[in-house]
Amino acid sequence: MTMYVYHTDGHPVGFLFSTFIHDMDGNPLGRILGSHVYRIDGAYVGEFHKDTVVAKPVPAGTRDIQPIAPPGRMPSPGASFSRRGLVDYGYPDVFHRLYEGAPQNDLLELAIAAE
């Protein structure tokens with residue numbers, strides 16, 4: 001069963017495979033370590049909270065991690081329904097930050113350089 005990642009307004013924006021977050025087209029965008037969400041290039045994006053990627057304060061703070069080679073593209077799981085009965089937890093959605101940063105074809109070079 002696919003685990004979708006939702007925007008705070010309720011529509012699906014991506015899905016999880018292992019610890020990686022992919023967009024709805026199957027392109028790898030980032031990964032989750034604990035509750036922290038990082039882009040493939042290692043930049044901290046936000047927190048994974050209630051199936052969303054949000055800007056949530058964390059007590060210990062965060063820092064960027066080493067970049068990794070992106071996993072392969074996954075087949076799209078298809079459309080999902082919008083969630084109903086949303087609760088506003090007061091955290092802004094930051095899923096769009098997964099698209100920022102280095103272009104996907106440069107990420108492998110970053111990962112090799114980091115080793």
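In the predicted model, Asp51 is placed in the loop that runs between S6 and S7, and its phi is positive, at about 65°, although the residue is not a glycine. Lys50 belongs to the loop between S6 (44-49) and strand S7 (52-54), and its phi, near 55°, is likewise a positive value in a residue other than glycine. Most residues other than glycine have a negative phi. With a relative accessibility of 27%, Asp51 counts as partly exposed, because the value falls between the limits of 20% for buried and 50% for exposed. Lys50, at 48% relative accessibility, is also classed as partly exposed.

The chain to which this loop belongs contains one helix and seven strands, and the order of these elements along the sequence is β-β-β-β-β-β-β-α. Of its 115 residues, 37% are buried, while the surface that the protein chain exposes amounts to about 6700 Å², of which carbon and sulfur atoms supply 54%. Among contacts in the protein chain with a separation of 6 or more, 60% are between residues that lie 24 or more positions apart.

Two hairpins follow one another in the middle of the strand order, with strand S5 taking part in both. S4 and S5 run antiparallel and are joined by four bridges, and in this pairing Ile32 has Val37 of S5 as its bridge partner. Two residues separate the strands of this hairpin, and Gly34, in the turn, has a positive phi of about 70°. S5 and S6 are also antiparallel, with three bridges between them, and His36 is found opposite Glu47 of S6. The hairpin that S5 and S6 form has four residues between its strands, and the phi of Gly42 in its turn is positive, at about 95°.

Asp41 lies in the loop between strand S5 (36-39) and strand S6 (44-49). Its relative accessible area is 17%, and Asp41 is therefore counted as buried, the limit being 20%. The side chain of Asp41 makes a polar contact of 3.1 Å with the side chain of Arg39, and the side chain of Asp41 also reaches the backbone nitrogen of Ala43, at 3.1 Å.

The largest nonpolar core comprises 13 residues, and those that touch the most other members are Val5, Ile21, Val37, Phe48, Val53, Phe95 and Leu98. Strand S2 (12-17), strand S4 (28-33) and S6 each contribute at least two residues to this core. The surroundings of Val5 can be described in more detail: when neighbours within four places in sequence are set aside, Val5 is in contact with residues including His11, Pro12, Val13, Gly14, Phe15 and Leu16. Its contacts also include the core members Ile21, Phe48, Val53 and Phe95, as well as Asp51 and Thr52. Asp51, described above for its positive phi, is thus among the contacts of Val5.

His22 is located in strand S3 (residues 20-23) and is buried, with a relative accessible area of 1%. Apart from residues up to four places away in sequence, His22 touches Gly14, Phe15, Phe17, Asn27, Pro28, Leu29, Pro71, Gly72 and Met74. A separation of 8.1 Å is found between the C-alpha atoms of His22 and Arg73, which are 51 residues apart along the chain. A polar atom in the side chain of His22 lies 3.1 Å from the backbone oxygen of Gly26.

A search of the whole structure finds three aromatic pairs. Tyr4 and Tyr6 form one that is tilted, with 6.4 Å from centre to centre and 50° between the planes. Both partners of this pair count as buried, Tyr4 at 13% relative accessibility and Tyr6 at 6%. Phe95 and Tyr99 form an edge-to-face pair, with 6.1 Å from centre to centre and 75° between the planes. In this pair Phe95, which is a member of the largest nonpolar core, counts as buried at 5% relative accessibility, whereas Tyr99, at 48%, counts as partly exposed.

Key: Residues are numbered from 1 along each chain as its sequence is written. This is a predicted model: local features need pLDDT of at least 70, side-chain atom pairs count only at pLDDT 80 or more; totals for chains, interfaces and linings use all residues. Side-chain values use heavy atoms; hydrogens and water are left out. Buried means under 20% relative accessible area, exposed over 50%, partly exposed in between (1.4 Å probe, protein chains only). A polar contact is a pair of N or O atoms within 3.5 Å; within protein, one must be able to donate a hydrogen and the other to accept it, and residues adjacent in sequence count only if both atoms are side-chain atoms. A nonpolar core is a set of buried Ala, Val, Leu, Ile, Met, Phe, Trp, Tyr and Cys residues joined through side-chain atoms within 4.5 Å. Contact means heavy atoms within 4.5 Å. Accessible areas come from the Shrake-Rupley method with a 1.4 Å probe; for residues, only the protein chains shown count as cover. Two strands pair if DSSP finds at least two bridges between them. Rings of Phe, Tyr and Trp (its six-membered ring) pair if their centres lie within 6.5 Å; planes under 30 degrees apart count as stacked, over 60 as edge-to-face and the rest as tilted.
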